[in-house]
Amino acid sequence: MGFEDRPAAPILRNMSARVQADGIPHENVDAAEIDKFEELASRWWDPESEFKPLHLINPLRLGFINARTPLHGLRVVDVGCGGGILSEAMALAGASVTGIDMGEAPLKVARAHAMESGAELEYRKMTAEALAESDAGAYDVVTCMEMLEHVPDPASVVSACAALIKPGGSVYFSTINRNPKSFLFAILGAEYVFRILPRGTHQYEKLIRPSELYGWCEQAGIRITELTGMHYNPLLQQYRLAPGVDVNYIAHAVDG
Ligand code: SAH
């Protein structure tokens, strides 16, 4: 399906549906979630901090993206970029990157880090939905990593990501599955036993089944062509890409 044919109505419907009882439209943002990341932001680039898992998975996801859509020269938006671990790596790989996030402190940290590293990229405080209103069809690649499980309405973010790509563009999502095994590994294991994440980082009911992500993509006019697992070995403290999407997974979705 070409861009012209992509159903715009559900996107707009999703976005305009979030109107509070008082009639004031409000954004698809959970303030408590943003606060969590604001508080930790100063440690974002410390590879031994709460953000260790993001540092560990970054080479995997960068490789996954670059193998499917060689980044050099592409226009990319990183939705929910946080302190910019992936945004910066993509910029250093030659992409023209915009990172967006609703957290003030993570964006500050991201900008400061780019000044130190010399990476050239832009960071903006906004939601994917807001960017989709001004920049629809403007990006070759949209990345939305470890973010969908922190928003009130993930389907709306998926729609906005789909709207942001050019015809033939790609969207990448990564998130955490919702089942007893992921509860054990991603919440009990990571937050309570191995303590690699602060308690309360993830709420079980907000985790996302691949079937749900497939459905939201379909509604948004994009199609998941690949979905693979990111597996953590706590003894080696390493992640690897492999089949099996019970816990962490990454997906590639394409236009149409
Ligand atoms: N994508 C980054 C950071 C993941 S942490 C990475 O994987 O390295 C999740 C980020 O999503 C946080 O920085 C948080 O502030 C951001 N976020 C949460 N809800 C958001 C929203 N509605 N719009 C934009 N960013 C959001």
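Reader: I'm looking at α4. What covers its buried residues?
Author: The cover over the buried residues of α4 includes α3 (52–68), β1 (75–79), β2, α5 (104–117) and β4 (139–145). Keep in mind that this is a predicted model.

Reader: How many residues of α4 are buried?
Author: The count is 7 of 8, so α4 is mostly covered by the usual cut-off of 20 or more other C-beta atoms within 10 Å.

Reader: Which ones are they?
Author: The buried residues in α4 are Ile85, Leu86, Ser87, Glu88, Ala89, Met90 and Ala91.

Reader: And what comes just after α4?
Author: Gly94 does, with a positive phi of about 100°.

Reader: There's a ligand too. Which residues come nearest to it?
Author: Gly80, Gly82, Gly103, Met145 and Glu146 come nearest, out of 21 residues around the ligand.

Reader: Which helices supply at least two residues of that shell?
Author: α2 (31–40) and α4 (85–92) each do. The largest share of the shell comes from α2, with 3 residues.

Reader: How does the shell divide into nonpolar, polar and charged?
Author: The shell around the ligand has 12 nonpolar residues, 6 polar ones and 3 charged ones.

Reader: Met145 was in your list. Which residue is its bridge partner in β5?
Author: Ser174 is the bridge partner of Met145 in β5. Strands β4 and β5 run parallel and are joined by 6 bridges.

Reader: Is β5 enclosed or open, and why?
Author: β5 is largely enclosed by the rest of the structure, because 9 of its 12 residues are buried.

Reader: Let's do the whole sheet. What is the strand order?
Author: The order is β3-β2-β1-β4-β5-β8-β6-β7, in an open sheet of 8 strands with mixed pairing. At the edges are β3 (122–125) and β7 (238–242), each of which pairs on one side only. From one strand to the next, the twist averages 20°.

Reader: In which sense do β2 and β3 pair?
Author: Strand β2 (residues 96–101) pairs with β3 in the parallel sense, over 4 bridges. Asp101 stands opposite Lys125 in β3.

Reader: New topic. Where is Asn177?
Author: Asn177 is in the loop between β5 (165–176) and α8 (180–193).

Reader: Is Asn177 buried or exposed?
Author: Asn177 counts as buried, because it has 24 C-beta neighbours inside 10 Å.

Reader: What is Asn177 in contact with, leaving aside neighbours within four places in sequence?
Author: Asn177 is in contact with Ser182, Leu207, Arg209, Pro210, Val245, Asp246, Val247 and Tyr249.

Reader: And what separates the C-alpha atoms of Asn177 and Ile65?
Author: The C-alpha atoms of Asn177 and Ile65 are separated by 20 Å, and the two residues are 112 apart along the chain.

Reader: Now the chain overall. How many helices and strands?
Author: The chain has 9 helices and 8 strands. Its C-alpha atoms fill a box of roughly 50 × 40 × 40 Å along the principal axes.

Reader: How does the radius of gyration agree with a compact globule?
Author: For 256 residues, a compact globule would have a radius of gyration near 18 Å, and the chain has 17 Å, so the two agree.

Reader: What share of the residues is buried?
Author: Buried residues make up 43% of the 256 in the chain.

Reader: And which share of the contacts is between residues 24 or more positions apart?
Author: Among contacts with a separation of 6 or more, 71% are between residues 24 or more positions apart.

Definitions and conventions
Residues numbered from 1 in each chain as written. Predicted model: local features only at pLDDT ≥ 70, side-chain atom pairs only at ≥ 80, totals over all residues. Rg over C-alpha atoms; globule rule 2.2 N^0.38 Å. Contact = placed C-beta atoms within 7 Å. Near = placed C-beta within 6 Å. Nonpolar A, V, L, I, M, F, W, Y, C, P; charged D, E, K, R; others polar. Pairing = 2+ DSSP bridges. Axes fitted to C-alpha atoms, helices over the stretch in contact; angles between N-to-C directions.
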